[in-house]
Amino acid sequence: MIQRWLRFTYQNTIRFGTLEGKRVQIWEGAMFAAPKPSGLFVDLAEVKVLMPTQPSKILALWNNFGALGAKLNLARPAEPLYLIKSPNSYLDPQETIRQPAAGGKVVFEGELGIVVGKTASRVAEAEAGKYIFGYTCANDVTVADILNRDPSFAQWVRAKGCDTFCPFGPVVASGLDPATLTVRTILNGEVRQDYPVSDMLFSAAQLVSLISQDMTLYPGDIILCGTSVGVGSMKPGSTVEIEIEGIGKLSNRFE
C-alpha cells in the first residue's frame with residue numbers, strides 16, 4: 001500500500017501525517033519510529049506543507065543515468081560518485097529559490113530522492129531495502145558557472161550549496177517500486193525533463209548499501225539519485241516543478 005507522508009504546520013504546531021485525497025490524517029509519535037494514526041483529519045488547504053523530513057545530510061549523485069552519461073561521453077563509474085548538499089540549501093515546497101549573490105547561470109535538475117528510514121551502516125545490498133522508508137521529489141539546483149571556474153578545483157559544494165538550492169517534497173511516498181517511476185521537470189508549464197528511473201546505473205538498494213559503507217545514514221537522510229538529459233537554466237520569475245507519479249509535484253519559484 002502506498003502512503004504519502006508529510007510534515008506541516010497546523011494551528012502553529014508542526015505535525016506529521018499522511019495525505020489522503022485532499023485531507024491529511026494526523027499521526028502521533030515519530031515518523032520513523034512506529035507512529036500511530038490519531039484518527040483526526042484536517043483539510044490540506046488548512047495546513048502549510050513543510051519539507052517532509054529533517055535530514056542530517058543530503059547526498060547527490062553524479063553520472064548515475066545512462067542517457068546523460070552517453071550524451072556527455074562519460075565512462076560508466078565503478079562506484080557511486082556523490083557530493084553533499086549543505087543544510088542551508090534545504091527548502092520547503094512552494095518556497096522561493098533565491099538567486100545567489102555571486103550571480104551566474106542557475107540550472108534545475110529534477111531528481112528522485114531516496115529517504116532513509118532507519119540508521120544504516122555498512123548495509124549489505126540484499127538488506128538495503130529494509131532501510132528505505134520511501135521516495136520524494138527534489139530539485140538539485142546548481143550555479144553552473146561556478147563549478148569549473150577555478151581550473152585547480154571543482155567547486156561542487158559551493159555551486160550546489162547556496163541558500164535555498166535544495167527544495168524537496170512535498171511528501172515521502174512509501175510502498176513504491178522506484179524502477180517503475182518517471183521524473184518530469186516542468187519549467188513555466190513546459191516539460192523539460194522526462195526520464196525513467198530505470199535508467200539509473202546504480203539502483204536504490206545499491207546506493208544505500210554502497211554509500212553506507214562510507215558514512216552512516218540516519219532516519220530522514222536523503223540520497224538524490226542524480227539527473228538525466230534535459231537540464232537547463234532558470235530565469236528570475238520562473239516556476240519550476242518536479243513531478244513523479246505516485247509521489248506528487250514539487251513546485252518552487254525562482255527569484
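**Strand E19, its sheet, and the surrounding domains**

Glutamate 241 lies in strand E19. The model is predicted. Relative accessibility at glutamate 241 is 17%, so the residue counts as buried, the cut-off being under 20%. Beyond the neighbours within four places in sequence, glutamate 241 is in contact with six named residues: Arg184, Thr185, Ile186, Lys249, Leu250 and Ser251. Leucine 187 is 54 residues away along the chain, yet the C-alpha atoms of leucine 187 and glutamate 241 are separated by 6.5 Å.

Strand E19 belongs to an open sheet. Five strands make up this sheet, in the order E9-E20-E19-E15-E16. The pairing is mixed. Strand E9 (96–97) and strand E16 (190–196) are the edge strands, and each pairs on one side only. On one side, E19 (residues 238–244) pairs with strand E15 (residues 182–187). This pairing is antiparallel and runs over five bridges. Within it, valine 183 stands opposite isoleucine 244 of E19.

E19 also pairs with E20, again in the antiparallel sense, over seven bridges. Serine 238 stands opposite phenylalanine 254 of E20. The two strands E19 and E20 form a hairpin, with three residues between them. Glycine 246 sits in the turn and has a positive phi of about 95 degrees. E20 (residues 248–254) pairs with E9 as well. Here the sense is parallel, and two bridges are found. One of the pairs in this arrangement joins threonine 96 to its bridge partner in E20, arginine 253.

Two domain annotations come from the UniProt record, an unreviewed entry. The feature "domain: Rv2993c-like N-terminal" covers residues 4–52. That span is 0% helix and 76% strand. Its end C-alpha atoms lie 10 Å apart. The feature "domain: Fumarylacetoacetase-like C-terminal" is placed by UniProt at residues 60–254. This second span is 13% helix and 37% strand. The C-alpha atoms at its ends lie 21 Å apart.

Lysine 57 was examined next. The residue lies in the loop between strand E5 (48–50) and strand E6 (58–62). Relative accessibility at lysine 57 is 11%, and the residue therefore counts as buried, being under 20%. The side chain of lysine 57 makes two listed polar contacts with other side chains. One is to the side chain of serine 56, at 3.4 Å. Another joins lysine 57 to the side chain of aspartate 221, at 2.9 Å. Aspartate 221 also appears among the contacts of lysine 57 beyond four places in sequence. The full set is Ile84, Tyr90, Met215, Thr216, Leu217, Tyr218, Asp221 and Ile222.

The largest pocket holds about 470 Å³ of space. Its lining comprises 27 residues. Of these, Trp62, Leu68, Leu72, Glu109 and Val231 are the closest to the pocket centre. Four elements give two or more residues to the lining: strand E6, helix H1 (66–71), helix H2 (144–147) and helix H3 (156–160). Strand E6 also closes the loop that holds lysine 57.

Key:
Residues numbered from 1 in each chain as written. Predicted model: local features only at pLDDT ≥ 70, side-chain atom pairs only at ≥ 80, totals over all residues. Heavy atoms only, no water. UniProt positions renumbered as here; feature names shortened; annotations may be inferred. Buried < 20%, exposed > 50% of the residue type's maximum accessible area, 1.4 Å probe, protein only. Polar contact = N/O pair within 3.5 Å; in protein donor to acceptor, adjacent residues only side chain to side chain. Contact = heavy atoms within 4.5 Å. Pairing = 2+ DSSP bridges. 1 Å grid on protein atoms, 1.4 Å probe; cavity = no way out; pocket = protein on both sides within 12 Å on 5 of 7 lines; lining within 4 Å. Points joined across faces, edges and corners; volume = space filled by probe spheres on them.
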